[in-house]
Each structure stands twice: as structure tokens, then as C-alpha cells.
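I set out to record, entry by entry, what I looked up in this structure. The entries follow the order in which I consulted it.

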Amino acid sequence: MPRLAEGEFALVRSHLEQAIRTPTDPVRWGSGMTDLDFHILCAEAAAQARDADGLAEHAPLAEEGARRLGHRLYSGVAHRAHAVALLLGDQPGGAIDRYSQAVEVFATLGTRWQLGRSLAGRAEAHASTGNPASARADYARALEAFEAVGAAPAAAQVRQNLLSLP
Amino acid sequence: MTLEPQLQTLESLGLIRLLQEQPELAYLFRHALIQEAAYGSLTRRHRQSLHVAIGEVLEELYPDRQDEVADLLAFHFAAAGDSQRAVPYARLAAQRALSTYAYDEAILHLQRALDLLGTDGHESTRWSLHEALGDVHALLHQGTQAIACYQRALSVWEQLPGGDRSDAIRLHRKVVQTGAEIKWAVDRDAFSEVSRAARASSDSLDQSLELIHDPTPHPETVRLLSVLSLASWRMRHPPDWQTAAGHARAAVRMAEELTSPVEHSVALEASGSALFGLGQLRESLETAEQRLEIARRPGFPDEREALDALRGAACAMVYVGEYEQAIPLLLEAEQGAQRTQSADQIFNVMALLTHCWFRLDRWDEIRSRRGLWEDLEQRFPQERTGPICWPLGLQAIVQTLSGDDEAGAELRDRSFAIMVRTFGEDNWLRNAHY
């Protein structure tokens, strides 16, 4: 995943924080934003920007909201956000556990893009623990998922990551 | 002399030709100019008497099928200058056109009836025709035209001595409902115009609260409560969700006492929206499913309400992440929307489907629909559908993640422009979080 540049992330966050203060309507076409949507988006944006503060603020709220509502997709996103936070906190073991829970959710849902991202994240965590074999296996599965959904840039990035493994 | 030898003479002269013998004998003029010349050779009085005769023959021939020939009857009595007989038939023709989803034809019949009545007298008929015309525009999601019709109906109603006040309340209710429903479908300038009219009617409804406090359950009171609930959040900033929920609860309670499933469904929609606003998304889904169960019962009389209940249940599922469950409902709703020619429902259903496919990473399905979106955008103005920014934004993300940055950027810019135009520079964000 290409990371958001620092300036862009700040802009995204400022927009999202402005959005949450604006009352929403349950519009008919389903684009009305709930508080849970907001926390999920902020957690996702923080994960992509590797922003530990943003993750600490939004990932628990995202997880709690997803659990309360029984929102499976969002529970997977929350697991992945927690995984990034753990990785940033130098706890790769915990990160792998969280990524694995995300992988399980997305594999059950059949959401290939989300699955690919979670597998690529877990591969990165494996690599950081000096386990290139597991990293290679996860990258291979991630590549398969990205190719199946047609995510060419993400697939290219995974190929590059595979080449850089020892 | 009987008719047939005369027809044969005309045929032998080459002026007319036999169209069919069965099930009924029919001839056509060989050329429109012959028909025009023949018609023009008659005196006005003779023409009118012939039109009356044709109308009366049609009435005698088809006493049980007058709705099928209502357009012909309206035409002949109108041409005869007999508006008293032409107007009811024009209205009947409009109803028949509506039953086959021929909305534009219905508008023509109702407009013809109003033209026949002129601007003086016949107040009791005129206001109801304006209301009927407004209803057709509302079905077409032409909110500004619908509100203009309801306001004309109100101004005619005010000239009516001893008019039933419940009629005026219903008209105000429809103004508020229409104004609230098109809130996000028109740009901000158009909406501020519409909202002025809706606010005036809303104030009038607030003054009519004694109708609400009448303990006798009545379908119109259920609809009024439901619209007051809608107006409490749609027309207020910030939305007053507690008031919305209170009106909705009262509507549902009253609807449960009535044996009118359509009003029950309307009240449950109001309740589901209020629960959404209060953040109770699971309860909102339960309400939407209850509404759908009622709308699916055999004999449910309102196809459009049933379609909306289907869409509403799917939308509530989307908000709690039940995308797979929502898709079959949406595909069913899509068929219904096509059948009833409901542009707003076609748009809504396609937008929700796009949302579900996006969340489920089914990008091929999103890509495959791009032509349909372009077709919809070309065929209908935004007022008839809704702002296309949301599905365009989702398509932009898919294109970008697929590696087509140029197409993604183009879609993103179009989406952004629509958002700003519709929601304003400051307020677009909450509904445009993608």
C-alpha cells in the first residue's frame, strides 16, 4: 500500500474530524456516515500513515463499535488497525495474532482486497521477526488475492517485497 | 342510408382504406391531409355535434370499460366543448396511464383537464386536479414542480367556501414531504427555494396539531405524523431526532390500530429513520424488516411502497455490514424499479448495490455497471435520481486501486464537483466520507 504523504494524511484527518461534527442523514442510497464509519476510516487512515497516536485514538473505538453492531467487515478492519499499532509498538507477535484474526474475517467474507492487505501486513510482521518462509507464504497468498481482484499496483508492490526477502 | 355503403363509396374513391374487420370494423383515412380537409369542411357546430355523438356512442358501447377508452372520451367531449363531461374522463385517463407507469401521459391528461376548466369557477375540481398533478410529479421525483402544483391547489382551496380543512392539511403535508425527500437531490440554490415553501407548510402543519391529538385513528393522521417526523430531522439543522422519534412512535401506534398496511409501512419507515439518527442501527434494521414483512403480504395494495420497503430493508442491512444479505433484496428491487419506471429507485438501488460490491471487493461488478450509470446520468436530471457523487466516488477508488490513475482522478473530480454543488463548500464532508 502506498502510504499517504504526511501532508495528505493531515488533510484527510482534518476533513474527517470536520465530518464527524456535522450531523448526518440516513440517506436513501446508503452513503450517510455513522460514528462507526468515522472511527473505521480514521483507524484505516492512521494505519496507512503509520500514525501511532491516531491508531491509539480510533482503533479501540472502531473495534468496540464493530463488536456492538456485529459488523464483521469492520471488525476485520479494526483487527488490522490494532495489528499495525502493535507492529509500531515493536510487538510483532501480537501484530501477527491480530493480522491472523483479520485474515480469518476477510477470508470468510471473501473480500479479496482486504484479505490481500491483511496478508501483506502479516508477511511484513513475519519478516520483521526473521521468518522469511512465513513472510514468503503470506506474500504469495496476498499476491493471489490482489491479482484475483485486479489490484495491479498492490500486486506489483507485493512482487517487489517478495524479491527483497532473503 | 346505412353506414356501410357510404364507407364502401369512400373506399372506392380512394379516400379511406379498411384497417380491420375483426374484432371491430375499422377504417383509416388514406392520408392525414384528407382527414384534415374533411374535418375543416365541417362547421364548428357540426363538428361539435359529431364529437358529442361519438362520445355518447363510446359510452353506450363500453359501459363497463370506460377507463380503457377514457382518453378517447376525454378527447371527443373536449372537442365538443363539453368540459363537464371531458374533465372526469381526462382524470380517469390519467389514472389509467398511471396504472401502467405512463407518467408523462398522465401529466398530459391532467393538464388537459385543468386547461378545460380554465381559471374561474369549478374550485372543488380544480384544486383536486392540481393535487393529482402534484402527485404525479412527486412520483417522478420532480419535487419543484410537485410543490408548485400543491401550492396552486392550496390557493384554489382557499377560495372554496366551506372547504374541508383536512384537505388543506394533507396538501401542506405533501409539500413538506416532497421538500424533505428531494433535499439531497437538487443543488443548494434549488433546495433553498424548495425549503422555503416546505417550511411555510411545516409551520402550517404545526398549527394543525389538534388533528394529531384527535384520538380517533385515521390514515391521514398516520401520514401526517410520519411527515412531521421526517421534517424534524430533514428540514432542521441540527436534526431533532428525539422529536422525530416521538412523532414516529405515535404514527406506528396509530397505524397498528388501523387495518391499513400502507400507512403502517409509511409509519415504520419514519420510525426506522429516527432510530438510525439515534444511532440504533440494529433496531433500525429490525423496523425495516418488519416493514418489509408487511409490504410482502399478499394483497399489499401499493407497489411503490412495497418497492421502497424492499430498498429500505436492504439499506438498513448495509449500515450494519450485512452486504451479502442485502444484494438479493436489491436485485429484486432493481427489477421492480425498472418495471415501475421509478428513476429515483433505480438510482438508489444501483447506488446501494455499488456500495455492497465495493465493501465485498467485487470490483468487476462495479466496473460492469459503469455504462448503466452513464446512461442514467444522461437520461435523467439529478432531481429525478439523486446526486451521483457517491457511486462515482466508489468507482474512482476502484479505478485507482486497479492501477488506472487517470480514470480514477477523472471520476474523483466529477464526484467532488457534484458533492460541493449539492452539499455546499462546508457541509459536503459528512455525506462524502469516502
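**Entry 1: Arg136 of chain A**

I began with Arg136(A), which counts as partly exposed because it has 17 C-beta neighbours inside 10 Å, and a residue is called buried only from 20 upwards. I note here that the model is predicted. Arg136(A) sits in helix H7 of chain A, residues 132-149. Leaving out residues up to four places away in sequence, I found that Arg136(A) touches Leu162(A) and Leu165(A). Leu162(A) is 26 residues from Arg136(A) along the chain, yet their C-alpha atoms are separated by 6.4 Å.

**Entry 2: Chain A as a whole**

I then looked up the secondary structure of chain A, which comes to 8 helices and 0 strands. Of the 166 residues in chain A, 53% are buried. I also checked the contacts between residues at least 6 apart in sequence: in chain A, 49% of them join residues at least 24 apart.

**Entry 3: The two domains of chain A**

I consulted the domain assignment, which divides chain A into domain 1 (1-92) and domain 2 (110-166). How many residues of each domain are in contact with the other? I found 8 residues in domain 1 and 9 residues in domain 2 of chain A. Helix H4 (residues 72-88) of chain A supplies 6 residues, the largest share, to the side of domain 1 that touches domain 2. By class, I recorded that side of domain 1 as 6 nonpolar, 1 polar and 1 charged residues.

**Entry 4: The largest nonpolar core**

I looked up the largest nonpolar core and found that it has 172 residues, with Ala43(A) and Ala314(B) having the most contacts inside it. Both domain 1 (1-92) and domain 2 (110-166) of chain A give residues to this core, so it lies between them. I followed Ala43(A) further: not counting residues up to four places away in sequence, Ala43(A) touches Leu55(A), His58(A), Ala59(A), Ala62(A), Val77(A), Ala78(A) and Ala81(A).

**Entry 5: A positive phi in chain A**

I noted that Asp90(A), a residue other than glycine, has a positive phi near 60°. Most residues other than glycine have a negative phi. Asp90(A) belongs to the loop between H4 and helix H5 (92-109) of chain A. Is Asp90(A) buried or exposed? Asp90(A) is exposed, because 9 other C-beta atoms lie within 10 Å and the limit for that class is 12 or fewer.

**Entry 6: Chain B as a whole**

I turned to chain B, whose secondary structure comes to 23 helices and 2 strands. Its C-alpha atoms fill a box of roughly 80 × 60 × 45 Å along the principal axes. Of the 434 residues of chain B, 45% count as buried. For contacts in chain B between residues at least 6 apart in sequence, I recorded that 54% join residues at least 24 apart.

**Entry 7: The strands of chain B**

I examined strand S1 (residues 16-20) and strand S2 (residues 26-29) of chain B, which pair in the antiparallel sense over 4 bridges. A hairpin of 5 residues joins S1(B) to S2(B). In S2(B), Tyr27(B) is the bridge partner of Leu18(B), and Phe29(B) is the bridge partner of Ile16(B). I then checked the loop between S1 and S2 of chain B, where Pro23(B) is placed. The peptide bond joining Gln22(B) and Pro23(B) is cis, with omega about -10°.

**Entry 8: Helices H7 and H8 of chain B**

I looked up helix H7 (residues 123-139) of chain B, which has 17 residues and reaches 24 Å from its first C-alpha to its last, close to the 24 Å expected. Its buried residues include Trp127(B), Leu133(B) and Val136(B), and also Arg126(B) and Glu131(B). Among the elements that cover the buried residues of H7(B), I listed helix H5 (83-99), helix H6 (103-117), H8 and helix H9 (165-181) of chain B. Just after H7(B), His141(B) takes a positive phi of about 65°.

Helix H8 (residues 143-158) of chain B has 16 residues and reaches 22 Å, close to the 22 Å expected. Among the buried residues of H8(B) I noted Gly143(B), Cys149(B), Tyr150(B) and Trp157(B).

**Entry 9: Tyr101 of chain B**

I closed with Tyr101(B), found in the loop between H5 and H6 of chain B. Phi of Tyr101(B) is positive, near 65°. Tyr101(B) counts as partly exposed, because it has 15 C-beta neighbours inside 10 Å.

Definitions and conventions: Residues numbered from 1 in each chain as written. Chains lettered and ligands numbered in written order. Predicted model: local features only at pLDDT ≥ 70, side-chain atom pairs only at ≥ 80, totals over all residues. Contact = placed C-beta atoms within 7 Å. Domains from an automatic or database assignment. Nonpolar A, V, L, I, M, F, W, Y, C, P; charged D, E, K, R; others polar. Expected span 1.5 Å × (residues − 1). Pairing = 2+ DSSP bridges. Core = buried A, V, L, I, M, F, W, Y, C linked by C-beta atoms within 7 Å.
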